[in-house]
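Q: Could you take me closely through the C-terminal helical part of this model, and then relate that part to the rest of the chain? I would like the packing, the buried residues and any unusual backbone to be treated together.

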Amino acid sequence: MMIVLGRVFLIFLMNIAGVLSDPQTKLLKEDCSQFTIATDMSDFLNNFNYTFGDIRTQLSRNSSIHFATAVQMNVYGMVQCRNYLSSADCVACLDVAWTQIRRNCPSGDGGHVIFEGCFLRYEARNFFTQSILVTFESSAGVCSASKSKYDAVTFTPVVEGLITDLVAATPKINGFFAATTRPVLNGGATATVYAVAQCIETISRKDCQSCLTIGYNNIQSCPPASEASSADAGCFLRYSDVSFFADKSVINITPYLKEGKRNLSSKKAIMWGVVCSVCLLLLIFAVILWYQLVRKPNVTERGDILGIDKLQGPVIYNFKDLKSATRSFGEDSKIGEGGFGDVYKGIMKNGDIVAVKKLSVTTSKAKTDFESEVKLISNVNHRNIIRLLGCSGRGSKLLLVFEYMANGSLDKFLYGEKLGSLSWKQRIDVILGIARGLAYLHEQFHSCIIHRDIKSSNILLDDDFQPKIADFGLARLICDDQSHLSTKFAGTLGYTAPEYAIHGQLTEKVDTYSFGVVVLEIVGGKRCTSLITEPVTVSLLEQAWNLYENDMHSDFVDENLDPKEYNVDNVKKIIEIALMCTQSPTSVRPTMSEVVVLLTNDRSIEQKPAGKPIFSS
């Protein structure tokens, strides 16, 4: 019944799609898995519908996003729209793709469809990793059968130059998307060529560059065709002599282009590129030699420290500019204290507001911690994870520059100076946002990142009270072939899983435990470690379990909340999820992707918490 209703709903959506501007549903590529679904077909279809229902909700509720992933049991889904599409057109494109892939791939456990306006893929296994995205299949170019209305002598070199610049610039742009135009002479008049490039947001800068280069090779022979495109599971490239995006979508890619860049189709440019490369190597050698003889090895005025200049992503800020922006790191600019340094509000010369985290390096471990945080999050791109803008340093003073979060940290709204000001709906949104951010770190980024210090003070809130996970100073990577790491304990007591605190056994489920504790803080409006400062005999975790066990879970809710705001059954479900996160890591404690499914599913939890949470007494 649910499947039938879902199809009726999709038909309705497709019927209203005609009132939208242009969802660009011209089919470019489509493929289905050759493997037959191993599980019950009806269950798989239900999970499939739920996965893309979740993605559709994400895209519908937030008009600023064009990329989303979701997972329900054994169905992993991913959708990306071109950034120039409106939110309505993006959802409409998804609806068409959703319907088509189920119609044309009725029995396979995976498939993908690529339209000019969007890309959709699903699998019965986790394909979110960076490497699989790029190697999914070889891309192919599609050239228009009609020639351009412009003169071929002037049109072809303009297109080649425009696409070459797009391929060079797009991997350097945040979000890996660029839409741009270029003038072309047409019989004495000036006309316009339009082009766009885009990579999957979870891809690395290096692989984005490689993918777009392949795309360029696929369509470089197309001009003077009026338009062409190249698409695969990692990137998309298109040009046309007719506008296919609004003027407001155009960005200036010039700042992202290096002087003396090579024209990929010109032998003369290649020759000059070789000459310039040799000169550059000689110059670098001379600078290194001078640096070693004259300068101290750990001092810089640009911020090129600890190999950070080799990283892909973060901007190297001028130290003097950051010092000026934070009023010399004055107390009036201080907005927080992290485990690895103080944080200051900075107002840049162009008016941008940033958060500057200041560390003082006195040991080699501090340098390692600094490198760790920069290298880990420089390529992380998720709406629920704080974005690293850049870094800088001078001598022993190291700086990280982050996007500024006007509402500060979550703990202030739960038991600090702003306590009681978060509504129940806002709290649920915060819980779901944290869960999605952790699921991305654990399963959707190309390496599994374990944060190790999830707590309310490390969750920041933006202008819309959406959460962003911050402070990656303790984060660790786990390779694909490792089930856990044995490491010295680091974290915050009260939030840390006992198997890690006692035995040093580190898996991604350590973050799940901490998440469960934070959820209880959000629901109860109390600090989990309050027993340190107050004469209480029962911890927050044990208090939650005792009330839940006696079916008095509503008594656990923050007394500052209006009972009319929340549903008692919903409160019970959230507490159950939190308690499940604090169970044994080997059996009951769920993964964060499973937590996301539980939170977004309207149904009650089938597998209840088995017993008293570990380490609660």
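**A close look at the C-terminal helices**

A: The secondary structure of the protein chain amounts to 16 helices and 22 strands, and the model from which this is read is a predicted one. Of the 617 residues in the protein chain, 52% are buried. Among contacts in the protein chain with a separation of 6 or more, 69% are accounted for by residues 24 or more positions apart.

Two packed helices are described by the angle between their axes and the distance between the axes. For helix α14 (residues 540-549) and helix α15 (residues 568-581), the axes come within 11 Å and cross at roughly 130°. Helices count as roughly antiparallel only at angles over 145 degrees, and α14 and α15 are therefore oblique to each other. The crossing of these two helices, α14 and α15, is left-handed. On the α14 side the contact is made by L541, A544, W545 and Y548, and on the α15 side by K572, I575, E576 and L579. By residue class, the contact of α14 with α15 divides into 6 nonpolar residues, 2 charged residues and no polar ones. An α-helix has 3.6 residues a turn, so residues three or four places apart point the same way.

The loop between α14 and α15 holds D551, a residue other than glycine whose phi is nevertheless positive, near 55°. Is D551 buried or exposed? With a relative accessibility of 54%, D551 counts as exposed, given that the class begins over 50%.

Helix α16 (residues 592-600) has M592, S593, V595, V596, V597 and L599 as buried residues. The elements that cover these buried residues of α16 include α2 (41-61), β2 (67-72), α11, α13 (509-524) and α15. One of the buried residues, L599, can be followed in detail: leaving aside residues up to four places away in sequence, L599 touches I431, L432, A435, F515, K573, I574 and I577.

The same residue leads into the interior of the model. In soluble globular proteins, nonpolar side chains tend to be buried together. The largest nonpolar core here has 74 residues, and the members that touch the most other members are L410, I434, F515 and L599. Helix α11 (residues 424-444) gives the most to this core, contributing 10 residues. A second core, separate from that one, has 46 residues and includes L28, A68, A231 and F244.

Another helix pair, from an earlier part of the chain, can be set beside α14 and α15. Helix α5 (residues 152-169) and α6 pack at an angle of about 165°, their axes being 9 Å apart, and that makes α5 roughly antiparallel to α6. The crossing in which α5 passes α6 is right-handed. Here E160, I163, T164, V167 and A168 in α5 meet Q209, L212, T213 and Y216 in α6. The contact of α5 with α6 divides into 5 nonpolar, 3 polar and 1 charged residues.

The remaining points concern loops elsewhere in the chain. In the loop between α6 (205-219) and β9 (227-231) one finds P224, and the peptide bond that joins P223 and P224 is cis, with omega about 15°. R452, in the loop between β17 (448-450) and β18 (459-461), has a positive phi of about 75° although R452 is not a glycine. Whereas D551 counts as exposed, R452 is buried, with a relative accessible area of 10%.

Two further loop residues can be described through partners far along the chain. F472, which lies in the loop between β19 (467-469) and β20 (476-478), is buried, with a relative accessible area of 0%. The C-alpha atoms of F472 and I386 are separated by 9.6 Å, although these residues are 86 residues apart along the chain. K248, by contrast, is exposed, with a relative accessible area of 80%, and lies in the loop between β10 (235-240) and α7 (267-294). Between K248 and Y84, 164 residues apart along the chain, the C-alpha separation is 8.5 Å.

Conventions: Residues are numbered from 1 along each chain as its sequence is written. This is a predicted model: local features need pLDDT of at least 70, side-chain atom pairs count only at pLDDT 80 or more; totals for chains, interfaces and linings use all residues. Side-chain values use heavy atoms; hydrogens and water are left out. Axes are lines fitted to C-alpha atoms, for helices over the stretch in contact, and angles run from 0 to 180 degrees between N-to-C directions. Helices (H or I, at least four residues) and strands (E, at least two) are DSSP runs, numbered from the N terminus. Angles under 35 degrees count as roughly parallel, over 145 as roughly antiparallel, 65 to 115 as roughly perpendicular and the rest as oblique. A crossing is left-handed if the near helix is turned anticlockwise from the far one by less than a right angle, and right-handed if clockwise. Contact means heavy atoms within 4.5 Å. Ala, Val, Leu, Ile, Met, Phe, Trp, Tyr, Cys and Pro count as nonpolar, Asp, Glu, Lys and Arg as charged, and the others, Gly among them, as polar. A nonpolar core is a set of buried Ala, Val, Leu, Ile, Met, Phe, Trp, Tyr and Cys residues joined through side-chain atoms within 4.5 Å. Buried means under 20% relative accessible area, exposed over 50%, partly exposed in between (1.4 Å probe, protein chains only).
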